[in-house]
Amino acid sequence: MRAVRPVSGSGRLVLAATPLGDVRDASPRLVEALGTAEVIAAEDTRRLRSLASALDVTPSGRVVSFYDQVETARLPRLLEALREGQTVVLVTDAGMPSVSDPGYRLVAACVEEDIQVTCLPGPSAVTTALAVSGLPSDRFCFDGFPPRKQGERQRWFAALAEEPRTCVFFESPHRLADTLADAASVLGRDRRAAVCRELTKTYEEVKRGGLGELAEWAAEGVRGEITVVLAPAEAREAPPLEALVAEVKQRVADGERMKSAAAEVAEAAGVSKKALYDAVISGR
């Protein structure tokens, strides 16, 4: 395990969460950071200045743009500022930096150089949507944005067919209907989900239901920032071991190799390959 040992005299990178919509969700620490940092790296400098104005704070440091297309090019100058002992605050348009937003590369570079990285916790569309979805929240995963091309998107959903955790992902409003339709075709119309729109904003809406129902609703047109929460797959009850052994023996009788037959049957049933193979060998 590698311990973080900040370089003597080095600065620190501050990942600062910003409101999803309601400016009153900004923390006092965010206000202080915006007013005192030597450098503010912002996904959109115009939105940063609008936020600062709404919070009645004037950034005293240098403000630089830091969006996806320039993230790599901006790294050397930001790392140089950090090495010189400056505080760099990273903010994205809404929510937590580096979560499907710019920031990961800068954080990784700081970790590599033992530069301190800290966080001002706050709003996150991922956890906010999960909390209001009404779906299980004890275990969940976050999958970013689905692929844009239909074939790749369908394969992406196929990988979630047996996912035992609730899954949260983002989607743009103009692709939402097609995405939900693909999800319904791959995962089934009745798989539960929640579409969270414009979280914390004036027109916040959470639509819950089966994927088929939600796809039909979205086909009428949806606007705003979208976060989708997908229910986990229902646990399948494995067939009795005796039935699986009988299936393997029948496939062997039809000409298949025992090892491959046992492996395929076990995978389809969701049981241990070794346990099934041993059961066949022992003559159960």
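Let's start with helix α2, residues 45-54. In this predicted model, α2 lies across three strands: β2, which is 39-42, plus β3 and β4. Its direction runs at about 140° to β3. Next comes helix α3, residues 71-83. Helix α3 packs on the sheet too, and touches β1, β2, β3 and β4. Its direction makes about 155° with that of β3.

Now the sheet under those helices. How many strands form it, and in what order? Five strands, in the order β3-β2-β4-β1-β5. The sheet is open, and the pairing is parallel. Look at the edges. They are β3, residues 62-65, and β5, residues 116-120. Each of these two pairs on one side only. On average, neighbouring strands here are turned by 20° against each other, direction ignored.

A general reminder. Strands of a sheet pair through backbone hydrogen bonds, and they do so either parallel or antiparallel.

Let's zoom in on two pairings. First topic: β2 and β3. They run parallel, joined by four bridges. Find A41 on your screen; V64 in β3 stands opposite. And how does the chain get from β2 to β3? It crosses through α2. So we have a β-α-β crossover, and this one is right-handed.

Next, β1 and β4. Strand β1 covers residues 12-16, and β4 covers residues 87-91. They pair in the parallel sense, over four bridges. One position to click on is L15: its bridge partner in β4 is L90.

Now move along the chain to strand β8, residues 192-197. Is this strand mostly covered or mostly open? Mostly covered: five of its six residues are buried. Strand β8 has a partner in β9, residues 205-210. Six bridges join β8 and β9, and the two run antiparallel. Here C196 has V206 in β9 as its bridge partner. Strand β8 also pairs with β10, residues 226-230. That pairing is antiparallel as well, over five bridges. There, V195 stands opposite V228 in β10. Keep in mind that, in a regular strand, side chains alternate between the two faces of the sheet.

Last topic: the aromatic rings. A pair of rings is described by the distance of the centres and the angle of the planes. The structure holds five aromatic pairs. I'll show you two of them.

Take F145 and F170. Their ring centres are 5.6 Å apart. Why is this pair called edge-to-face? Because the planes stand at 65°, and the cut-off for edge-to-face is over 60 degrees. Where do these residues sit? F145 is in the loop between β6, 140-142, and α6, 150-158. F170 is in strand β7, residues 166-171. So the pair ties together parts that are 25 residues apart in sequence.

Are the two buried or exposed? F145 has 42% relative accessibility, so it counts as partly exposed. F170 has a relative accessible area of 13%, so F170 is buried. The cut-off for buried is under 20%.

The other pair is W156 with F169. This one is edge-to-face too, with 5.4 Å centre to centre and 90° between the planes. W156 lies in helix α6, and F169 in strand β7. So this contact ties together parts 13 residues apart in sequence. Both W156 and F169 are buried.

One more thing to find on screen. F142, F145 and F170 form one aromatic cluster.

Definitions and conventions. Residues numbered from 1 in each chain as written. Predicted model: local features only at pLDDT ≥ 70, side-chain atom pairs only at ≥ 80, totals over all residues. Heavy atoms only, no water. Pairing = 2+ DSSP bridges. Axes fitted to C-alpha atoms, helices over the stretch in contact; angles between N-to-C directions. Contact = heavy atoms within 4.5 Å. Buried < 20%, exposed > 50% of the residue type's maximum accessible area, 1.4 Å probe, protein only. Phe/Tyr/Trp six-rings, centres within 6.5 Å; stacked < 30°, edge-to-face > 60°. Right-handed = clockwise from strand over helix to strand, strands pointing away.
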